[in-house]
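Reader: Hey, I've just opened this one and I'm a bit lost. Could you walk me through it?

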Amino acid sequence: MKTTRFGLSGSMKTLLNDDGFTFVETLLAVAISLVVSVAVCLAYSAFWGNSKNLFKGCYKANALAKSDMAIRRRIREFVVPYWSNGEMEFAEFRDSLMECGVEGATILSCSLKIYGDGWAGVRCLYTLPGIDETLCVEERVGGFPVLEERR
Amino acid sequence: MKAVFVALAVALAAYGVFLSVASSRSFCSRVRAEEEAVRKVLGVLEEAKRTLDMCASMDCDLDTVETVTAALFAAGVEDIVVEDVSSGINEMFWPEKVLDSPRIAGLLEKDECVAEYGWANSIADFRGREYPIANRIPLLNVYEAESDLTRALCSVAQVKDESKIELLLKKMEGRERMDAKEILKLLSLKEASMLASFFGTKTAFWRVSFKALGRYRVYGVFAAIPENPESAVVREYRLVERRADVLR
């Protein structure tokens with residue numbers, strides 16, 4: 001029985017030692033295309049419906065996670081010596097954060113907080129390039145003055 | 001075959017999109033998980049504080065290291081180190097008269113017996129500090145101090161009888177239970193004297209560190225807070241520093 005083959009360029013024929021592709025191959029290609037289409041559609045519908053939102057979302061999530069972690073780490077590493085004046089030490093820390101920023105984030109405001117258990121923390125409001133929202137992070141500091149615990 | 005190539009190219013592109021989304025999501029969840037883990041391991045320091053508070057009322061800190069280590073071990077952490085970080089020379093709070101004495105200055109010059117933490121003693125030289133920075137807790141826990149430092153301080157205190165110093169060091173080395181009054185009696189020092197405020201058996205600052213979850217090294221520094229400005233009795237320990245390092 002003669003096999004019907006659809007056209008393929010001469011160079012491809014030489015390269016693949018093939019005269020085209022069979023009906024089964026054509027069906028396979030169509031099937032792969034269908035699977036890919038479904039996968040892409042599912043991906044889009046699963047992640048906000050369109051590619052623009054998808055990539056924007058990815059960027060935002062990454063930027064947020066990175067900056068959030070970096071700011072938290074900076075705050076956790078901030079140690080106010082137990083004998084010193086916490087307000088003064090904090091003022092220096094705040095100025096350095098606001099001046100230099102952290103991991104691409106621009107710090108808008110930074111305030112000292114004393115929690116119910118006596119430990120001190122810092123609350124920062126910040127923005128990231130390409131993200132319109134003002135973001136917030138709050139973390140406990142690495143050390144605090146003993147005198148200020150009882151506030 | 002052309003169609004198959006095109007289909008594979010599209011499949012690759014779709015796979016790329018999936019990968020980027022998946023890696024982004026996995027990165028975010030890893031960050032969240034790490035933050036949660038850091039909070040959890042730092043929380044173990046609360047257990048150390050509870051145990052130190054239980055040891056606070058004891059006359060001397062002879063068993064404190066073992067007690068805290070056992071409590072933290074029971075809390076599921078490993079590689080626990082409990083150390084006295086205040087029984088050494090503290091340039092910030094020690095009286096200048098003592099710091100300038102030749103033997104102490106000699107130790108300082110060699111960078112030996114130096115402590116990072118410590119209180120100002122209100123009898124020795126409080127340097128204008130207020131309670132609880134200045135208090136009556138003796139500046140050293142003689143059990144934890146280096147013998148060179150104890151010898152140097154005895155010489156500053158003009159304890160001339162070498163046998164008394166050796167006896168004290170022997171008792172400390174043998175972990176023989178003594179309180180501050182007994183030490184002063186042994187060295188024939190008056191309780192109200194400035195040098196008497198150096199010799200004690202309670203640790204003012206403990207540093208506790210341990211390994212948790214296999215990848216974090218956690219450090220916490222606890223300060224002894226006396227009952228009142230005139231008391232050397234420790235009321236509680238207060239966490240003044242804490243840190244969690246990720247081990248590589």
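**The cores**

Author: Sure, let's start inside. This is a predicted model. The largest nonpolar core has 66 residues, and those touching the most other members are Ile71(A), Cys124(A), Leu72(B), Trp119(B), Phe205(B) and Phe210(B).

Reader: Which strand gives the largest share of this core?

Author: Strand S7 of chain B, residues 216-226, which supplies seven residues.

Reader: And is there another core somewhere, and how many residues does it have?

Author: There's another one lying apart from it, with 36 residues, including Leu108(B), Leu168(B), Leu169(B) and Leu187(B).

Reader: Back to Ile71(A). What does Ile71(A) touch?

Author: Leaving out residues up to four places away in sequence, Ile71(A) touches Val102(A), Ala105(A), Ile107(A), Cys124(A), Tyr126(A) and Val137(A).

Reader: OK, zooming out. How many helices and strands does chain A have?

Author: Four helices and three strands. Along the sequence chain A reads α-α-α-α-β-β-β.

Reader: And chain B, how many there?

Author: Eight helices and eight strands.

Reader: What share of each chain is buried?

Author: In chain A, 37% of the 151 residues are buried. For chain B, the figure is 49% of 248 residues.

Reader: What about surface, how much does each chain expose?

Author: Chain A has an accessible surface of about 8,700 Å², with 58% belonging to carbon and sulfur atoms. Chain B exposes about 12,100 Å², and carbon and sulfur atoms supply 53% of that.

Reader: New topic: helices H2(B) and H3(B). At what angle do their axes cross?

Author: Roughly 145 degrees, with the axes of H2 (residues 45-56) and H3 (residues 64-74) coming within 9 Å. The crossing is right-handed.

Reader: Which residues make the contact?

Author: From H2(B) you have Glu47(B), Ala48(B), Thr51(B), Leu52(B) and Cys55(B). H3(B) brings Thr64(B), Thr67(B), Val68(B), Ala71(B) and Leu72(B). You've met Leu72(B) already, in the largest nonpolar core.

Reader: Nice. And helix H6 of chain B, which of its residues are buried?

Author: H6(B) runs over residues 147-156, and its buried residues are Leu149(B), Thr150(B), Ala152(B), Leu153(B) and Cys154(B). They pack against helices H4 (96-99), H5 (102-109) and H7 (162-173), plus strands S4 (140-141) and S5, of chain B.

Reader: Anything odd where that helix stops? Which residue takes a positive phi?

Author: Gln158(B), just after H6(B), at about 60 degrees.

Reader: I also clicked on Ser197(B). Where is Ser197(B)?

Author: In chain B, in the loop between helix H8 (180-186) and strand S5 (199-200).

Reader: Is Ser197(B) buried or exposed?

Author: Ser197(B) counts as buried, because its relative accessible area is 5% and the cut-off for buried is under 20%. The side chain reaches the backbone oxygen of Met194(B) at 2.4 Å. Not counting residues up to four places away in sequence, Ser197(B) touches Asn121(B), Ile123(B), Ala124(B), Pro138(B) and Leu139(B).

Reader: Last one, Ala120(B). Which strand is Ala120(B) in?

Author: Strand S2 of chain B, residues 120-121. Ala120(B) is buried too, at 0% relative accessibility.

Reader: So what is Ala120(B) in contact with?

Author: Setting aside neighbours within four places in sequence, Ala120(B) is in contact with Phe93(B), Asp125(B), Phe126(B), Ile133(B), Ala134(B) and Asn135(B).

How values were computed: Residues numbered from 1 in each chain as written. Chains lettered and ligands numbered in written order. Predicted model: local features only at pLDDT ≥ 70, side-chain atom pairs only at ≥ 80, totals over all residues. Heavy atoms only, no water. Helix = DSSP H or I, 4+ residues; strand = E, 2+ residues; numbered from the N terminus. Buried < 20%, exposed > 50% of the residue type's maximum accessible area, 1.4 Å probe, protein only. Areas by Shrake-Rupley, 256 points an atom, 1.4 Å probe, with all protein chains shown as cover. Polar contact = N/O pair within 3.5 Å; in protein donor to acceptor, adjacent residues only side chain to side chain. Contact = heavy atoms within 4.5 Å. Core = buried A, V, L, I, M, F, W, Y, C linked by side-chain atoms within 4.5 Å. Axes fitted to C-alpha atoms, helices over the stretch in contact; angles between N-to-C directions. Left-handed = near helix turned anticlockwise from the far one by under 90°.
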